[in-house]
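Open the structure in your viewer and keep the selection panel at hand. The tour below goes from one selection to the next and says what to look for at each stop.

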Amino acid sequence: MSRFRAFAQLDDPISQDGDFKWIGMDSRRHPTTLEPGLLALSQNMRLDKTIPEVRKGSEYLSDSISLAKTPLTISFTFPSPFSLDSIASSGSVAQYTVSGGHGLIDGDTAEITGASISGYNVIGEVSIGSVSMFGVNIGVSLAGENPTNAEAIKRLIIQEEYDDGIFDSGVFTDDSDGNEYIVLLSASKAFFLDPDDVANPIEVGYTGSESIARTDNVSLVQCLNKLVMLRGDTKQPLEFDGDVSTPSDFELVASAGIGTDDINATTGTVAITSGLKTVTGTNTFFRTDIAPGDRIKIAGQYNFVDTVTSDTSLTVDDAWTSTSASDTLYLGRDRLDLIPMPMANFGIYYQNRLVLDYPAGSTNDIILSDILDVDTYDAAQNQFKLRDGSGDFVVGFAPYKDDDLVVCLRNSIHIIRGISASLDEVFVEEITREVGCIARESIVTIGDRIFFLSENGVYSLESGFEDRLKGYAEPLSKPIDDQFRDLNFTYASKATAKYYNNRYYIAVPVGSSESNNKVFIYNPLNNAWESVDTFPTGLQINKFHIANYQDDRRLFAVGNAGVLILLEENDSDQTAGGNTTEIDGQIITRRYTHGNNQIKKFSRLQADLNLPADSSLEIDVLTQNPDSELTVKTVSNSGTTIEDSIVRASIPKRGYSTQVKVRTTKGRPQIRAINTEAIDKFRGTRSFE
């Protein structure tokens with residue numbers, strides 16, 4: 001709308017267009033079509049109170065995890081050789097003495113050359129005697145010597161494959177004191193890190209020679225005060241008893257079958273005859289112990305009670321197919337139906353049951369434990385098949401309201417109802433085959449909504465979805481679909497997500513990256529995508545966790561080298577080694593057309609800014625038809641206090657629309673409003689035919 005009420009014939013009408021608040025970004029649509037309040041791009045920004053502000057930076061809390069075989073870091077310096085002053089032999093161990101100190105540590109590999117007695121010229125692992133003496137096992141006893149040309153050098157051992165790392169992580173809460181630990185699983189041991197005391201991790205080993213390999217599907221699940229480690233379909237699960245004060249190793253779960261006991265057996269003995277429906281008992285009390293409709297098992301065959309005629313006689317609904325003159329009657333189920341915790345890839349503890357994928361059944365089977373007993377499973381009654389014969393497979397689980405559990409498969413979504421009740425009453429419904437989930441860690445329950453990543457972007461299942469098999473045509477990520485189309489779907493199963501500070505964070509691999517290198521953030525309060533976050537090279541987000549830190553709930557990231565990173569903390573991003581890098585925050589506005597598609601002359605720009613101490617930004621203007629990009633203003637605050645600034649800049653460009661790009665170069669500035677002015681370039685009387 002014009003600033004002026006009226007214009008003469010030769011006046012230049014001035015119009016204004018801009019935004020004074022923003023709720024999110026929409027990069028899919030043409031920027032000319034965006035409504036006020038939408039950005040074409042928001043990178044490393046937060047839109048609290050609808051004001052763009054650079055996100056807070058990351059901080060390395062811990063990189064002190066000692067892995068068995070850590071990757072070699074490039075670049076590195078080759079060690080220099082040092083001279084040996086004397087060599088002696090103590091049995092099969094050669095002792096090498098250096099007057100100036102050798103600088104080796106136990107476990108280093110050293111190469112010794114130049115000794116006149118050839119047996120002392122070896123390559124071997126050193127054992128430290130003192131700062132000036134180290135030993136190497138040479139296998140024989142030799143005479144001593146005072147060499148003149150002998151020297152030693154530390155050897156760099158380069159593994160063909162580094163078989164250690166952090167293969168999974170989780171959060172463990174100690175019921176005894178409420179303290180929380182972020183647990184990192186390496187090949188040979190687990191590290192329990194208290195975020196408030198990361199310099200002193202608690203190390204917990206694995207029993208015997210048990211380990212984790214890079215190819216294992218490993219996952220952690222806390223069940224009450226017990227921590228269960230699932231290791232895929234070829235290794236037995238491990239359990240930690242939860243005592244971090246005097247920790248013992250993760251132990252193997254029981255693998256032997258669960259034998260019969262008296263829990264489900266009735267008194268006396270029974271007899272059945274093939275082809276008949278009767279059961280005859282001896283020393284039994286059928287009228288006390290059994291009711292019509294009960295499920296019973298005799299001689300390995302199940303049946304249902306029809307009538308109870310006396311304490312020693314009853315009938316069933318189907319004729320027996322076997323004969324037994326003396327057997328035990330089991331009511332409901334007998335312990336022979338039960339199995340210990342099976343091998344599994346992942347699970348969830350929900351409604352006092354441990355729910356597992358069940359590879360022993362098939363890729364689309366799940367199995368549920370007994371209530372409050374994660375070591376016992378009924379493979380006959382508590383196993384469910386989902387889309388058997390479809391080639392579909394289970395990806396993950398999500399708790400849902402009213403005692404239900406949503407099961408996400410690769411190509412479909414199902415719901416199990418009444419999961420805490422008797423499993424005779426539990427039933428499964430298929431919700432949809434229109435979408436499925438491609439990343440287990442992307443599944444997040446937020447109130448009555450479930451977010452997850454599919455091959456078409458992020459979807460949200462909302463309350464009532466189970467009653468209407470519609471609404472799956474458009475993903476939640478539709479406004480930024482162009483960015484999600486750039487996902488590396490070969491590695492998209494590594495995506496991880498968490499709901500934190502009223503936001504859904506999802507880290508995904510983009511472009512050619514094989515690890516998660518961008519984080520997309522959805523703000524349910526604004527019902528819009530708020531930002532795409534980027535991080536310095538080397539900062540890895542293999543998994544998000546939320547845990548207590550300094551009496552507050554905080555968001556953490558874990559990388560595969562055992563690094564624990566605190567997010568949303570500083571004014572800049574910290575990198576390995578304690579270095580920092582400025583956060584590249586930027587916004588690009590919608591295209592300001594000033595209400596028409598005519599060519600116009602842009603006159604000036606005005607921006608309302610809030611500049612913290614020691615911060616700076618630059619403002620670019622992008623015009624269309626003709627296309628151009630021009631930096632029109634660089635703004636900085638070199639002082640020590642916050643500055644509020646109204647910045648004005650000339651726009652010496654013409655075109656039919658313009659966009660404004662604000663890019664921060666230091667600190668965490670805020671952009672409160674942007675306004676542009678333009679002049680209709682046509683002057684005088686015009687007529688068109």
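A residue is called buried when its relative accessible area is under 20%, exposed when that area is over 50%, and partly exposed in between. Please keep in mind throughout that this is a predicted model.

**A loop residue to begin with**

Select G101, which sits in the loop between β9 (93-97) and β10 (109-113). Its relative accessible area is 31%, so G101 counts as partly exposed. If residues up to four places away in sequence are set aside, G101 touches V131 and S132. Now add F82 to the selection: G101 and F82 are 19 residues apart in sequence, and their C-alpha atoms are 9.1 Å apart in space.

**A serine in a strand, and the loop after it**

Go next to S369, which belongs to strand β32 (residues 365-370). Is S369 buried or exposed? With a relative accessibility of 0%, S369 counts as buried. Its side chain reaches the backbone nitrogen of L354 at 2.9 Å, and, leaving out residues up to four places away in sequence, S369 touches R353, L354, V374, T376, Y377 and N382.

From there, select I371, found in the loop between β32 and β33 (373-378). In contrast to the buried S369, I371 is partly exposed, at 40% relative accessibility. Adding L224 and L372 to I371 shows a nonpolar patch on the surface, in which the three residues together have about 280 Å² of accessible area.

**The nonpolar cores**

Turn now to the largest nonpolar core, a set of 53 residues in which L453, Y504 and W529 have the most contacts. Strand β52 (residues 600-611) gives the most to this core, contributing 5 residues. Another core, of 19 residues, lies apart from it, and Y206, M229, L238 and F250 are among its members.

To look at one residue of the largest core in detail, centre the view on L453. Beyond its neighbours within four places in sequence, L453 is in contact with several residues, including I438, V458, F484, L487, I506 and V508.

**Salt bridges across the chain**

The model holds 37 salt bridges, and a few of them are worth selecting in turn. Begin with R503 and D48, whose side chains meet at 2.7 Å, N to O. This pair links distant parts of the chain, 455 residues apart, with R503 in strand β43 (residues 503-508) and D48 in the loop between β4 (45-46) and β5 (53-54). R503 is buried, with a relative accessible area of 4%, whereas D48 is partly exposed at 43%.

Select E455 and R410 next, since their side chains also meet in a salt bridge, at 3.2 Å, N to O. E455 lies in the loop between β40 (449-454) and β41 (457-461), and R410 in the loop between β36 (404-409) and β37 (413-417), 45 residues apart. E455 is partly exposed at 41% relative accessibility, and R410 is partly exposed at 22%.

The next pair is R449 and E462, with the closest N and O atoms 3.5 Å apart. Because R449 lies in strand β40 and E462 in the loop between β41 and α2 (481-484), the pair ties together parts that are 13 residues apart in sequence. R449 counts as buried at 15% relative accessibility, while E462 is partly exposed at 37%.

For the last stop, select R46, R55, D533, E568 and D573, which are linked in a network of salt bridges.

Notes
Residues numbered from 1 in each chain as written. Predicted model: local features only at pLDDT ≥ 70, side-chain atom pairs only at ≥ 80, totals over all residues. Heavy atoms only, no water. Core = buried A, V, L, I, M, F, W, Y, C linked by side-chain atoms within 4.5 Å. Buried < 20%, exposed > 50% of the residue type's maximum accessible area, 1.4 Å probe, protein only. Helix = DSSP H or I, 4+ residues; strand = E, 2+ residues; numbered from the N terminus. Contact = heavy atoms within 4.5 Å. Polar contact = N/O pair within 3.5 Å; in protein donor to acceptor, adjacent residues only side chain to side chain. Patch = residues over 30% accessible without salt bridge, like charges linked within 9 Å, V, L, I, M, F, W, Y side chains within 5 Å. Areas by Shrake-Rupley, 256 points an atom, 1.4 Å probe, with all protein chains shown as cover. Salt bridge = Lys/Arg side-chain N within 4 Å of Asp/Glu carboxyl O.
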